[in-house]
Amino acid sequence: MTLSVVVEQRFRAPAVSVAFKAPTPGVIALFGPSGSGKSTLLNAIAGLARPDSIRVDLGGVALHLLPPSRRRIGYVFQEGRLFPHLTVKANLRYGWMRAQPGPVGYDDVVDLLGLSALLGRRPHNLSGGERQRVAIGRALLSQPRLLLMDEPLSALDQARRDEILPYLSRLRTAFAVPIIYATHAMDEVTRLADTLVLLDAGQVLAAGPLGEILARVDLPLAARDDAAAVLRGKVLSHLPERRLSAIACGSDVLWVPLVDAAEGTALRLRVPARDVMLALREVSGISVTNMIAAEIGAIQVAEAGHAALVELDLLGGGQLVSRITLDAAERLGLRRGLRILALVKAMSVELQKD
Amino acid sequence: MSLRAVGFALPAAILVSVLLSWGRFPGRFLLNALVHLPLMLPPVVTGWLLLLVFGVNGPVGALLERWLHVRLVFTEAGAAFACGVMIFPLMVRAIRLSLEAIDPGLDQAARTLGAGVLDRFCSITLPLAAPGVLAALVLGYTASLGEFGAVITFAASIPGQTRTLPLAIYAALDTPGGEAVAARLSVLSICLALIGLVVSEILSPARRRQ
């Protein structure tokens with residue numbers, strides 16, 4: 001199925017002109033600074049605000065033609081918005097009782113989000129993280145065909161965010177509900193997104209599969225200090241005697257420090273741009289474990305830091321970004337289309353379960 | 001009789017409060033002014049206006065008499081009705097305060113969870129406004145005990161039927177040697193007023209938020 005969204009708001013602030021398409025199920029991350037139109041967009045999709053024109057099509061169903069209470073679009077608000085006069089259990093059941101029976105089971109949600117100890121409590125007796133988990137459960141239980149999340153972690157401190165992120169990761173795969181996830185935190189994007197929509201001042205800067213967009217050196221993302229590419233792969237095998245694991249990404253194999261995951265487990269590999277070195281030919285006598293053949297897709301000069309951002313299309317599929325000095329780029333004679341080796345330290349690859 | 005007055009006023013007060021707190025519509029200002037008129041006008045004027053409209057020869061009063069065989073003037077029902085009109089602005093204010101204290105985001109959340117307008121009103125708005133509604137009840141009940149001007153004009157002062165506390169006190173003072181009765185009734189009136197104030201203060205949303 002495909003989700004396609006077109007929203008235009010010209011005559012009222014904030015001005016928004018957005019169109020994107022994404023495959024579903026999957027997580028579509030709307031990424032942009034505050035004021036870039038994320039909430040406006042979500043409210044319009046949910047039907048809580050009326051832009052000048054809107055079209056939301058999910059697998060051939062025109063959702064924008066339905067009244068908000070019949071759209072079956074779940075919404076997790078930034079502040080949770082739990083009903084203060086109801087217990088956690090009654091909050092969870094609010095949408096569930098009003099929905100047709102569907103694939104999302106009450107016990108599954110309580111299990112997945114670890115809510116069983118909270119059921120009898122009232123919202124004002126919950127911590128911020130607990131409240132957000134209940135809000136997510138409540139939205140899921142209304143059997144939504146689409147789930148909207150508006151910076152659900154932004155009101156939480158780092159410890160609480162780390163507590164909830166694994167639940168969100170699990171959510172991606174547990175129920176086949178497409179999710180639109182608005183955030184301005186890059187780590188949430190790299191961890192959760194399948195499709196990335198970059199927003200700025202109400203406009204779409206770029207939209208597409210996460211790996212592709214993160215590797216585009218012409219976008220402001222690549223110029224950020226924490227710029228990184230994400231590869232998706234599966235655990236191929238373990239080499240306990242060398243304390244290494246092999247991860248298959250497309251037809252490439254990356255070696256990483258031994259991971260505690262069964263063979264076949266899907267993983268995300270986050271590779272920071274500043275940790276990718278480039279070499280024209282094989283190098284020996286060096287500690288780097290991974291040498292991956294690639295072709296240079298694009299080179300962008302970043303004024304800040306006198307750096308060159310190099311987009312690498314791996315021959316085995318997938319993309320990386322490398323940030324090197326301008327001087328190095330000139331010495332190696334880098335240019336578009338050049339075959340090259342990307343050197344990636346095993347220790348610099350960050351792994352997450354996908 | 002005061003109970004009946006509150007009974008008259010409450011459903012209408014909730015309806016009007018909801019209308020007034022839910023944004024703009026044509027005639028909102030007029031409705032607001034009409035509701036608050038009894039608070040500003042001398043009660044005798046209110047009673048006289050009621051007499052004009054709901055009297056036996058008044059436009060509404062005549063219809064009520066002909067179709068429903070209901071007569072309000074100089075009856076207990078009429079006294080309750082006049083009280084209801086007088087306490088209406090007080091009740092609307094109390095209910096409106098509690099309605100406006102509700103986060104509109106909760107209504108939106110309920111909407112995304114599949115609840116329709118009426119459903120949301122019953123499951124979210126009303127329960128959250130309940131303290132305000134209760135406060136309005138107590139306030140209205142207490143205030144209606146003390147109605148004088150509108151009642152005496154519209155429904156007269158018939159012992160056992162249309163006589164409110166202050167009417168009784170007034171009548172007692174008018175009777176030679178009635179001071180003792182008047183004093184007892186006054187003490188009763190003070191007690192009722194105090195109880196009413198305390199209870200409505202406990203129930204008010206401002207206090208609950210602390």
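**Exercise 1. State the area that chain B exposes and the share that carbon and sulfur atoms supply, then describe the fold of the chain.**

Solution. Chain B of this predicted model exposes about 11,100 Å², and carbon and sulfur atoms supply 70% of that area; the values come from the Shrake-Rupley method with a 1.4 Å probe, and for residues only the protein chains shown count as cover. The next step is the secondary structure, which comes to 11 helices and zero strands, where helices (H or I, at least four residues) and strands (E, at least two) are DSSP runs numbered from the N terminus. The C-alpha trace of chain B spans about 70 × 45 × 25 Å along its principal axes. Of its 210 residues, 44% count as buried, a term that stands for under 20% relative accessible area, with exposed meaning over 50% and partly exposed lying in between (1.4 Å probe, protein chains only).

Two conventions apply throughout: residues are numbered from 1 along each chain as its sequence is written, and chains are lettered from A in the order in which they are written. Local features need pLDDT of at least 70 and side-chain atom pairs count only at pLDDT 80 or more, whereas totals for chains, interfaces and linings use all residues, and side-chain values use heavy atoms, with hydrogens and water left out.

**Exercise 2. Determine which residues of helix α9 of chain B are buried and what covers them.**

Solution. Helix α9 of chain B runs over residues 165–174 and is mostly covered, with seven of its 10 residues buried. These are B:Leu165, B:Pro166, B:Leu167, B:Ala168, B:Ile169, B:Ala171 and B:Ala172. Their cover includes α7, α8 (149–154) and α10 (179–203) of chain B.

**Exercise 3. Characterise the interface of chain B and chain A by its contacts, its buried area and its salt bridge.**

Solution. Begin with the contacts (heavy atoms within 4.5 Å): 17 residues of chain B are in contact with 19 residues of chain A. The buried area, which is the accessible area (1.4 Å probe) that two parts lose on being put together, summed over both, is about 1,600 Å², and carbon and sulfur atoms give 63% of it. B:Arg111, B:Thr112 and B:Leu113 supply 42% of the area that chain B buries against chain A, more than any other three residues.

Turning to the salt bridge (a side-chain nitrogen of Lys or Arg within 4 Å of a carboxyl oxygen of Asp or Glu), the rule finds one across the interface. A:Arg98 forms a salt bridge with B:Asp119, and the closest N and O atoms are 2.6 Å apart. On the side of chain B that touches chain A, the elements giving two or more residues are α6 (104–112) and α7 (117–145) of chain B, and α6(B) gives the most, with seven residues.

**Exercise 4. Locate A:Phe175, decide whether this residue is buried or exposed, and list what it touches.**

Solution. A:Phe175 is found in the loop between α5 (158–174) and β8 (179–183) of chain A. Because its relative accessibility is 11%, A:Phe175 counts as buried. Leaving out residues up to four places away in sequence, A:Phe175 touches A:Val104, A:Asp108, A:Val109, A:Leu112 and A:Leu140. A:Leu140 is 35 residues from A:Phe175 in sequence, and the two lie 8.9 Å apart in space, C-alpha to C-alpha.
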